Every structure is written in C-alpha cells, then in structure tokens.
Amino acid sequence: RSHFAEVSKCELSFVALERGLRAFVKYVPRDVVRMMLTGEMESTNVMTRRVVSILFMDIVGFSSLCEQIHTDQLMRLTQDYLQAMCEIIVNSKGTLDKFIGDCIMALWNAPRRMKHHET
C-alpha cells in the first residue's frame with residue numbers, strides 16, 4: 001500500500017468537504033455553520049421556545065431609487081450597504097438570517113444565547 005495514494009485520497013476528501021461547506025454556508029448563516037463545526041451547537045430537529053430579538057431593515061425609497069440610477073451604481077450602493085450592515089450585525093453577535101431584496105433579517109439570542117440581547 002502506498003502512502004502517496006492515502007495522502008491523495010485524504011486531499012480529495014478535504015477538497016470535497018471544503019466544496020460542501022462553501023455550498024452549505026449559502027443556505028445557513030456562517031456563524032451557525034462555525035458553531036456546528038466547533039461542536040458549540042448540534043444539528044437537531046428539536047425546537048425550543050426562546051425570546052429573541054428580530055431586526056427587519058431595508059432602504060427607504062429603494063424601489064424609486066432603482067428607477068433613477070444606473071444598474072452598476074445601484075449594485076455598488078446595495079453591496080456597500082449590505083456589507084456595512086452585516087458587519088454591524090456580526091460584530092454585535094447577531095445572526096444574519098437572510099436578505100430579501102434590499103431587506104435584511106437578523107436575530108439575536110438564537111442560535112447563540114445572549115444576555116441583554118434586546119438592548
């Protein structure tokens with residue numbers, strides 16, 4: 001048995017794992033994936049009741065703005081806005097749930113428990 005074949009097999013497995021994780025984080029918040037990988041959270045189908053803080057935020061007048069500026073400019077503006085807001089959410093230990101057009105949905109106290117999440 002060749003050790004090179006085993007190393008090659010391990011490398012292929014690692015590449016497949018990395019590809020799978022990249023696909024997974026498209027559908028599950030990155031922080032949740034990280035918690036699952038570190039063992040901080042288990043994947044389970046058991047639901048628990050918990051008080052959470054939820055944020056829905058969008059750009060006022062976004063639809064009319066879309067009609068007034070060039071597509072490239074709109075894309076840059078939207079990307080800059082979403083990136084800045086996501087940094088704030090992540091830095092405050094929030095979980096980014098989803099984007100709905102220009103709307104962001106985020107929550108606190110789930111899946112990671114937080115004291116004083118409502119402030």
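Which residue in E3 is the bridge partner of Ser53? In this predicted model, that partner is Trp108.

The Ser53–Trp108 bridge belongs to a bigger picture. E1 and E3 run antiparallel to each other and are joined by five bridges. Put E2 into the scene and you get an open sheet of three strands, ordered E1-E3-E2 and paired in the antiparallel sense. E1 and E2 are the edge strands, each pairing on one side only. On average, neighbouring strands in this sheet are turned by 15° against each other, if you ignore direction.

Here are the strands with their residue ranges:

| Strand | Residues |
|---|---|
| E1 | 53-57 |
| E2 | 95-100 |
| E3 | 103-108 |

Next, the helix: H4, residues 71-91, lies across E1, E2 and E3 and runs at about 5° to E3.

Strand E2 is worth a look at two of its residues. Thr95 sits in E2, and with a relative accessible area of 5% it counts as buried, because buried means under 20%. Leaving aside residues up to four places away in sequence, Thr95 touches a mixed set of neighbours, including Pro29, Asp31, Val32 and Ile89. Met105, Ala106 and Leu107 are also among the residues it touches, as are Ala110 and Pro111.

Ile100 is in E2 too, but its relative accessibility is 45%, so Ile100 is partly exposed. Together with Val52, Ile54 and Phe56, Ile100 makes a nonpolar surface patch of about 370 Å².

Definitions and conventions
Residues are numbered from 1 along each chain as its sequence is written. This is a predicted model: local features need pLDDT of at least 70, side-chain atom pairs count only at pLDDT 80 or more; totals for chains, interfaces and linings use all residues. Side-chain values use heavy atoms; hydrogens and water are left out. Patches are made of residues with over 30% relative accessible area and no salt bridge: like charges are joined within 9 Å, nonpolar side chains (Val, Leu, Ile, Met, Phe, Trp, Tyr) within 5 Å. Accessible areas come from the Shrake-Rupley method with a 1.4 Å probe; for residues, only the protein chains shown count as cover. A salt bridge is a side-chain nitrogen of Lys or Arg within 4 Å of a carboxyl oxygen of Asp or Glu. Helices (H or I, at least four residues) and strands (E, at least two) are DSSP runs, numbered from the N terminus. Buried means under 20% relative accessible area, exposed over 50%, partly exposed in between (1.4 Å probe, protein chains only). Two strands pair if DSSP finds at least two bridges between them. Axes are lines fitted to C-alpha atoms, for helices over the stretch in contact, and angles run from 0 to 180 degrees between N-to-C directions. Contact means heavy atoms within 4.5 Å.
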